[in-house]
Amino acid sequence: MQKPQRLIPAAALDSGFPAVCVVPAAGSGVRLGAGVPKPSRKIGGLPIAVRTLRMLLRSWKFEEVFMPVEPTRIAATQRLLSRHGLSGVRVIAGGRTRSESVRNAFGQVRPGKKVVLIHDVARPFLDSRHVREVLRMARKKRAALLAQRSTATVKQTSGAAPVVLRTLDRRCIYLAQTPQAFSYRLLQAGYAKNDWRPERFTDEAGMAEAAGFKVWLVEGPSSNIKITTPADLCLAKALLKAGANALK
Ligand code: CTP
Ligand code: MG
């Protein structure tokens, strides 16, 4: 049985360096339903995109923030963001998959010694402390992501039949969240090794792993939910009530 990994304490890491932020928001929100695009969907009176961007902007002084959206929604998103004082965010055309949307944004980042932080628009309840921890870990180790320790017992199947192949050791299982952050050069090398076609990866950490890089975990909070289904909206309301990411 493998020993569970030790995570590096945040206090051991440095701070204050150049970083850019990418906030993928080009999904179609099919599972949430209701016709309203997910980034514009309001929770507690504020659009999800506004909550997520405000949280990110108060966490770090990013050089630039890019938000890939569905190409037909660029103008509407710009209007929404400027109504909330967020016109500095660069709204660009996303791709067919999440990873293509992030790649499109990465293509607009000016090369240099900096960290690129990627955070899904659909996770508005993150707190600044975790944003900074992931940034610092990426600065130190070049590739980092927030991940939650599994509370579930995980069964692995062959994928072909619903028959258990093995039960994974729960102490070694982490569920990937965002943010994920990388040195510019590592992410560039990851894309290059995959011919700039990242669509088979569901997150950038996966692409970095496949390219042979070591990716470090920062333990994330269970409150950092991804709003995916209508049930998540109920959970979101409860989190707001409990004071998570409380915004006026
Ligand atoms: N995303 C993106 N570009 C895509 C697809 C998804 O930027 N082509 C973003 C979404 O906007 C979201 C994140 O990736 O912030 C995670 O995706 P998900 O939770 O699956 O959201 P949606 O794709 O919008 O939802 P659904 O899959 O239910 O349609
Ligand atoms: Mg999706």
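# Questions about a predicted model

Author: Helix H1, residues 48-57, is mostly covered, with 7 of its 10 residues buried. Keep in mind that this is a predicted model.

Reader: Okay, which residues of H1 are the buried ones?

Author: They are Ile48, Ala49, Val50, Arg51, Thr52, Leu53 and Leu56. The cover over these buried residues includes E1, strand E2 (42-43), E3, E4 and H4.

Reader: Let's go to E3. What makes Pro47 count as buried?

Author: Pro47 lies in strand E3, residues 46-47. Pro47 has 23 other C-beta atoms within 10 Å, and the cut-off for buried is 20 or more, so Pro47 is called buried.

Reader: And what does Pro47 touch, beyond residues up to four places away in sequence?

Author: Pro39, Ser40, Arg41, Lys42 and Leu80. As for His84, Pro47 is 37 residues from it in sequence and 9.6 Å from it in space, C-alpha to C-alpha.

Reader: Now the sheet. How do you know which strands are its edges?

Author: Start with the order: 7 strands form an open sheet, E5-E4-E1-E6-E10-E7-E11, with mixed pairing. Strand E5 (90-93) and strand E11 (216-219) each pair on one side only, and that makes them the edge strands. On average, neighbouring strands here are turned by 30° against each other, direction ignored.

Reader: What packs on that sheet?

Author: Helix H2, residues 74-83, does, touching E4 and E5, and its direction makes about 165° with that of E5. Helix H4, residues 128-141, packs on the sheet too, touching E1, E6, E7, strand E10 (174-183) and E11. The direction of H4 makes about 135° with that of E7.

Reader: How do you know that E1 pairs with E6?

Author: Pairing takes at least two bridges. E1 and strand E6 (residues 115-118) are joined by 4 bridges and run parallel, so they qualify as a pair. One bridge partner to look up is Ile118 in E6, which goes with Val22.

Reader: How many bridges join E1 to E4?

Author: 2 bridges, again with the strands parallel; E4 covers residues 65-69. The cut-off is at least two, so E1 and E4 pair as well. In E4, Val22 has Phe66 as its bridge partner.

Reader: Which way do the residues of E1 point?

Author: In strand E1 (residues 19-22), Ala19 and Cys21 point one way, Val20 and Val22 the other, and all are buried. That fits the general picture, as side chains in a regular strand alternate between the two faces of the sheet.

Reader: What about E7 and E11, how many bridges join them?

Author: There are 4 bridges between strand E7 (residues 143-149) and E11, which run parallel. Ala144 has Trp216 as its bridge partner in E11.

Reader: Which residues touch the most other members of the largest nonpolar core?

Author: Val116, Val134 and Ala181, out of 58 residues in that core. Leaving out residues up to four places away in sequence, Val134 touches Leu117, Ala144, Leu145, Leu146, Pro179, Ala181 and Val218.

Reader: Pro179 caught my eye. What kind of peptide bond joins Thr178 and Pro179?

Author: A cis one, with omega about 10°. Pro179 lies in strand E10. In general, most peptide bonds are trans, and most residues other than glycine have a negative phi.

Reader: Which phi value does Arg142 have, then?

Author: Phi of Arg142 is near 80°, a positive value in a residue other than glycine. Arg142 sits in the loop between H4 and E7. Trp196 also has a positive phi, about 60°, although it is not a glycine.

Reader: Why is Arg142 called buried, and why is Trp196 called partly exposed?

Author: Arg142 has 21 other C-beta atoms within 10 Å, and buried starts at 20, so Arg142 is buried. Trp196 has 13; exposed means 12 or fewer, and partly exposed lies in between, so Trp196 is partly exposed. Trp196 is in the loop between helix H5 (184-193) and helix H6 (204-210).

Reader: What makes Phe201 count as buried?

Author: Phe201 has 20 C-beta neighbours inside 10 Å, and 20 or more is the cut-off, so Phe201 counts as buried. The loop between H5 and H6 holds Phe201. Outside four places in sequence, Phe201 is in contact with Ser99, Gly206, Met207 and Ala210.

Reader: Last one: what surrounds ligand 1?

Author: 22 residues do, the closest being Pro24, Ala26, Gly27, Arg31 and Ser101. By class, that shell has 8 nonpolar, 8 polar and 6 charged residues.

Notes: Residues numbered from 1 in each chain as written. Chains lettered and ligands numbered in written order. Predicted model: local features only at pLDDT ≥ 70, side-chain atom pairs only at ≥ 80, totals over all residues. Core = buried A, V, L, I, M, F, W, Y, C linked by C-beta atoms within 7 Å. Contact = placed C-beta atoms within 7 Å. Near = placed C-beta within 6 Å. Nonpolar A, V, L, I, M, F, W, Y, C, P; charged D, E, K, R; others polar. Axes fitted to C-alpha atoms, helices over the stretch in contact; angles between N-to-C directions.
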